[in-house]
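Colleague: I should be grateful for a close look at a single part of this model. Please set out how that part is placed among its surroundings.

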Amino acid sequence: GAGTMGAGIAQAALQAGHQVLLHDVDAAAIQRGRDRISGALQRLVDKGRIRPEERDAYLAALRDAAELDAVAADADLIVEAVLEDLPLKRSIFRQLDMNSLADVPLATNTSALSVAAVAEATHHRERVLGLHFFNPAPVMPLVEVVATPDTARSVIEAAVEFASGLGKTPVVCGDSPGFIVNRVNRGFTLEPLRMLEAGLADVQAIDAAIEGAGYPMGPFRLLDLVGIDVNLAVARSLFDAFDDATRFRPSPVQMAMVEAGRLGRKTGGGFYRYDAEGGSVGPQPAAGLQDAAGGQGGAPKTASLDDRTIVERVNLAIVNEAYRAVEERVAAPADIDLAMKLGANHPLGPFERAGEMGLRSVVEGLRRLHAETAEVSGDQYEIAPLLWQMATV
C-alpha cells in the first residue's frame, strides 16, 4: 500500500538504509506514494536535517513493484498498509503466503482488526504478525509488535530487530482489540465527550484542564487533528470487538458531527474552527456544536466541573482500562506505560499515574463515579478486577 501510512513506513525504511519495493493497485497510486516520499525527504533537506545526496540515495533505493507477486518473490520482510478491510487484507495475505518463501515475515499495519483473523488466510500462520506504526510513521517513535498465539518467536524477534533498526521503540503486545494505545487511550476522548454530553463542562474548559495537567494537547483539539470520523471508526470497532461494552460506547456527539460533515481541521470545523491552512481561528460557537450534534455538546447546563475533577475523570478511565489490559495479558505494565508515553504522548504512563494518585484513591474515585452515574453509565466505571485486588492487598 502506497497511501499515507504505506509511504511513511517506506520512508522510514529507506532512511534506515533498506532497499524498498513499493506496491499499490495501479501505477498512479505508486507514483502518488513516491511523490509523498520525495516531498517529505525534500522538506528534510530544506530544514538541514539530511543532505541532498542522502535524499538522492534514499530515492535510488526505492523501486516500484507493479505486481504483488514481485514483492512476494523479492522481499525479506513484507509490511501491508492498505485500508482497514478484512476481506481485502486476507486476499493480499493469501497471495503473499503462496508466492513468498515460508520464512519471510508477513506484517499487517492494522490498528483495529484482529491479526489472527488476517492470518487465517495463510498456510503459514506462524510468520504473520502486526507491525502497528503510528502516524506520521517517519516521526512517531512507537511500533506495536503484535503477536498472535501462532506467531513464531523468531518472527517476533526479527520484527523487533527491524523496528529498532528504524530508530523506533518496539513494544510487543498480544493480539487484542485496539492492542495497547488505541484501547487504553480510549478514555482520553470518550470521557471528555461524556462530560460534554452531560453539560458538565464545555470544550474549552476540558481542553484547558487537560493541557494544564501536562498533556500536550486537549482531547477536542486532538479529535479535530486526527479527524472526528477517524476516531469514531476506531471507537466503533472497539465497541463491536468488546461486545458493546458500555465503556467503549461511541459518543452520539461524535456520530452527529460526522453525519453533519464536521470532521475537524480537514473540513474547516469540528470542535474548533480552522482557516484554509488548517490553523485554528477560535472555538466553535456553542450553537454550532448544538446544531451539529442534535442539541448536545453546547454550553454547560449545570455548574462546570473544576479542572481537578475533569483531569481526574480522564485519568481514572485510562488507568482502569490499563489494568484490564494487563489482566487480559495484552502487555506488561511497564510496556503499557512506555507505549502510552510514546504513542499517545502522555506525560505519565497509566501505572505511573496510578502510583502517583495512589491505588486506593483510584478505586474510591471509580466507586464514586459509578455510584453517581450508574443509572445511565451501566458498567462504564466498574473497577477492573486486578485493580481492585492490588488496591486491597
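Modeller: In this predicted model, the buried residues of helix α12 pack against four helices, namely α8 (181-184), α9 (186-197), α11 (219-226) and α13 (252-259). The residues of α12 that are buried are Ile 228, Asn 231, Leu 232, Val 234, Ala 235, Leu 238 and Phe 239. Viewed along the axis of α12, these buried residues lie within an arc of 160 degrees, and therefore they line one face of the helix. The general geometry of such an element is relevant here: an α-helix has 3.6 residues a turn, so residues three or four places apart point the same way.

The length of α12 may be checked as well. The helix comprises 14 residues, 228-241, and at 1.5 Å a residue it should span 20 Å; the C-alpha atoms at its ends are 20 Å apart, so the two values agree. After α12 comes Asp 243, which has a positive phi, near 55 degrees.

One of the helices packed against α12 is α11, residues 219-226. Within that range of numbers falls Asp 224, whose side chain makes a polar contact of 2.6 Å with the side chain of Tyr 274. Tyr 274 belongs to strand β8, residues 272-274. Because its relative accessibility is 10%, under the 20% cut-off, Tyr 274 counts as buried. Leaving aside residues up to four places away in sequence, Tyr 274 touches Asp 224, Gly 264, Arg 265, Gly 268, Gly 269, Gly 279, Ser 280 and Val 281. Between the C-alpha atoms of Tyr 274 and Ala 2, which are 272 residues apart along the chain, the separation is 28 Å.

Note on methods
Residues numbered from 1 in each chain as written. Predicted model: local features only at pLDDT ≥ 70, side-chain atom pairs only at ≥ 80, totals over all residues. Heavy atoms only, no water. Helix = DSSP H or I, 4+ residues; strand = E, 2+ residues; numbered from the N terminus. Expected span 1.5 Å × (residues − 1). Buried < 20%, exposed > 50% of the residue type's maximum accessible area, 1.4 Å probe, protein only. Arc of directions from axis to C-beta. Contact = heavy atoms within 4.5 Å. Polar contact = N/O pair within 3.5 Å; in protein donor to acceptor, adjacent residues only side chain to side chain.
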